[in-house]
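What does a central strand of a mixed sheet look like from its neighbours, and where does an aromatic pair fit in? The report below follows one strand outward.

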Amino acid sequence: MLKKLLERLTTPVAELDHRRLREFCSVRTDVMPIGELHPRQEAAVVGEITSLRIVPHEGSPWLEATISDGTGSMVIMWTGRRHIAGVAPGKRIIVSGRGSPYGKQGRLRLLNPRYELL
């Protein structure tokens, strides 16, 4: 017990948060870990929104959220939206759709996914 307390006191808060998120996401059996997704694979993932921004785009802006589940992260984009009620950094969400690679790193992105706030 003392060993666990000492570990919690000496471990950085970011690492503890990362562990809690991984544990929360691993309990869900109906989703895949983000780190195991492949491009153009239909899947559902659960994670925490780590960042949110509005991306200017021709005609109308896009709402972009980055979600993480402890195994990886991905970008979710809703076209033509500036705001979605309940979607905010720190919130947990399930999203589903077909991911596509984008950017220099080939990071996965979901466009207009189905989602459920937790």
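Strand E3 is mostly covered: five of its seven residues are buried. Buried means under 20% relative accessible area, exposed over 50%, and partly exposed in between, with a 1.4 Å probe and protein chains only. Strands (E, at least two residues) and helices (H or I, at least four) are DSSP runs, numbered from the N terminus.

The model is predicted: local features need pLDDT of at least 70 and side-chain atom pairs count only at pLDDT 80 or more, while totals for chains, interfaces and linings use all residues. Residues are numbered from 1 along each chain as its sequence is written, and side-chain values use heavy atoms, with hydrogens and water left out.

**The sheet**

E3 belongs to an open sheet of seven strands. The order is E5-E6-E3-E2-E1-E4-E7, with mixed pairing. Two strands pair if DSSP finds at least two bridges between them. E5 (100–102) and E7 stand at the edges with a single partner strand each, so one side of each lacks a neighbour in the sheet. On average, neighbouring strands are turned by 40° against each other, direction ignored. Axes here are lines fitted to C-alpha atoms, for helices over the stretch in contact; angles between N-to-C directions run from 0 to 180 degrees.

**Partners of E3**

E2 (residues 62–68) runs antiparallel to E3, joined by seven bridges. E6 (residues 107–111) runs parallel to E3, with three bridges. The table gives some of the bridge partners.

| Residue in E3 | Bridge partner | Partner strand |
|---|---|---|
| Val 75 | Arg 109 | E6 |
| Met 77 | Leu 111 | E6 |
| Thr 79 | Trp 62 | E2 |

The hairpin of E2 and E3 has four residues between the strands. There, Gly 70 takes a positive phi near 95°.

**The aromatic pair**

The structure holds one aromatic pair. Trp 78 and Tyr 115 have ring centres 5.5 Å apart and planes at 75°, so the pair is edge-to-face. Rings of Phe, Tyr and Trp (its six-membered ring) pair if their centres lie within 6.5 Å; planes under 30 degrees apart count as stacked, over 60 as edge-to-face and the rest as tilted. The pair links distant parts of the chain. Trp 78 lies in E3 (residues 73–79) and Tyr 115 in E7 (residues 114–117), 37 residues apart. Trp 78 is buried, at a relative accessible area of 5%. Tyr 115 is partly exposed, at 36%.
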